[in-house]
Amino acid sequence: MYDYDLLVVGSANADLVINVERRPAAGETVLGGDLAVHPGGKGANQAVAAARLGARTALLARVGDDGHGRLLLDSLRAAGVDTAGVPAGGAPTGVALITVDPSGDNSIVVSPGANSRLSPADVRAARSLVLASRVVSAQLEIPLETVVEVVRNLAPGSRFVLNPSPPRPLPPEVLAACDPLIVNEHEARVTLGDTGVGDDPADWARLLLARGPRSVVVTLGAEGALVCDGSGVTRVPSVKVDAVDTTGAGDAFTAALAWRLGAGAAPAEAAAYAARVGAAAVTRRGAQESYPTAAEVDAL
């Protein structure tokens, strides 16, 4: 019996968001709207998204002992996330600088802050939390050696989900644990190294699967997603909505997919549900504030 449906090991950031008519080119200054500060970070986003859907969720992360850290902890707890694994102090809370254009597309620069201090020792200290979790999800806004330590401490029979963002080369030990590895187009190309990579996302999925993951999901934005495992490639259609802000939508997708897989859903079924969650998220501004409840997803 697991105490948690999902443990997220990852980043917690304050998102500093400015709406712009267009994103600036190199050397250019563009005036934007008023600055808005939202709780974010891929780890915290996934934890909040899963908890809103009804998953028993915990987060292993680090924040600073500052206003941004308190903002994050308040948001996590309000969503029902267990924050016993989120110590405060030692470095400022991570910050993401985000510009959003009128189409809802965004550009992001991250200052890791306390996220860079989440260490393998933190994982070992929280081993009981890892062992109590049916699914463990991670991203790469924390040190890669910390993700490796997570893989080495997984409970027998549990599931590991990785979104390699921002992308970087992954050791075979991590790739072999992924079920699934979740990538968008950019992350797929970087992970594959661009060598001999064509324009067919189904080929990306097959090539990634050959690197060692047990399964692969390639997200394609408005074109939906592809699910790839030993049985082949399955296309999952998107849900058509009017996008307002895509910030954090990928995190919502990953959280929903991880939770539904842990609950026993087939990969394509879980991805279709995750697509509805991601679609609901882009219809509202912000990241965590935009995440739907299970009832809102069902209505969509």
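Which residues are linked with Arg189 in a network of salt bridges? Hold that thought for a second, and keep in mind as we go that this is a predicted model. The answer is Glu185 and Asp199, which join Arg189 in that network.

Let me stay with that spot. Arginine 189 makes a salt bridge with glutamate 185, and the closest N and O atoms are 3.7 Å apart. Both residues sit in helix H7, which covers residues 185-192, and they are four residues apart, so about one turn of the helix. Glutamate 185 is partly exposed, because its relative accessible area is 43%, and the partly exposed band runs between 20% and 50%.

Okay, other salt bridges. The structure holds 13 of them, and I'll pick out two more. One pairs the side chains of arginine 22 and glutamate 28, at 2.5 Å from N to O. Arginine 22 is partly exposed at 47% relative accessibility, and glutamate 28 is partly exposed as well, at 29%. The other one links arginine 70 to aspartate 65, with 3.7 Å between the closest N and O atoms. Here arginine 70 is partly exposed at 47%, whereas aspartate 65 has a relative accessible area of 62% and counts as exposed, because the exposed class starts over 50%. As a general reminder, side chains of opposite charge can pair when their charged atoms come close.

Now the sheet. If you have the structure up, trace nine strands in an open sheet, in the order E5-E4-E1-E8-E9-E10-E11-E12-E13, with mixed pairing. The edges are E5, residues 82-85, and E13, residues 232-236, and each of those pairs on one side only. From one strand to the next, the twist averages 20 degrees.

Let's walk in from the E5 end. E4 and E5 run parallel and are joined by two bridges; alanine 58 has aspartate 82 in E5 as its bridge partner. On from there, strand E1, residues 4-9, runs parallel to E4, with four bridges between them. Valine 9, for instance, has leucine 60 in E4 as its bridge partner.

So what about the two faces of strand E4, residues 57-60: covered or open? Both are covered, with Thr57 and Leu59 buried on one side and Ala58 and Leu60 buried on the other. That fits the usual pattern, since in a regular strand the side chains alternate between the two faces of the sheet.

Jump to the opposite edge. E11, residues 216-219, and E12, residues 225-229, run antiparallel and share four bridges. Valine 216 has cysteine 228 in E12 as its bridge partner. E12 and E13 are antiparallel too, with five bridges, and alanine 225 is matched with valine 236 in E13. The connection from E12 to E13 is a hairpin through two residues.

Between E11 and E12 there's a loop, and leucine 220 is found in it. Buried or exposed, would you guess, for leucine 220? It's buried, because its relative accessibility is 17% and the buried class is anything under 20%. For a sense of scale, the C-alpha atoms of leucine 220 and glycine 69 are separated by 32 Å, with their positions 151 residues apart along the chain.

Next, empty space. There is one cavity of 30 Å³ or more, and the largest cavity holds about 50 Å³. Its lining is Arg159, Pro180, Ser215, Val216, Val217, Val227, Leu257, Leu261 and Pro267. The elements giving two or more residues to that lining are E11 and helix H9, residues 249-262. By type, the lining divides into seven nonpolar residues, one polar and one charged. Notice that Val216 shows up here, and we already met valine 216 as the bridge partner of cysteine 228.

Last item: cis peptides. Most peptide bonds are trans. In this model, a cis bond joins serine 165 and proline 166, with omega about -5 degrees. Proline 166 sits in the loop between strand E9, residues 159-163, and helix H6, residues 172-177. A cis bond also runs from aspartate 179 to proline 180, with omega near 10 degrees. Proline 180 is in strand E10, residues 178-183, and Pro180 is also among the residues lining the largest cavity.

That's my tour. Questions?

Conventions: Residues numbered from 1 in each chain as written. Predicted model: local features only at pLDDT ≥ 70, side-chain atom pairs only at ≥ 80, totals over all residues. Heavy atoms only, no water. Pairing = 2+ DSSP bridges. Axes fitted to C-alpha atoms, helices over the stretch in contact; angles between N-to-C directions. Salt bridge = Lys/Arg side-chain N within 4 Å of Asp/Glu carboxyl O. Buried < 20%, exposed > 50% of the residue type's maximum accessible area, 1.4 Å probe, protein only. 1 Å grid on protein atoms, 1.4 Å probe; cavity = no way out; pocket = protein on both sides within 12 Å on 5 of 7 lines; lining within 4 Å. Points joined across faces, edges and corners; volume = space filled by probe spheres on them. Nonpolar A, V, L, I, M, F, W, Y, C, P; charged D, E, K, R; others polar.
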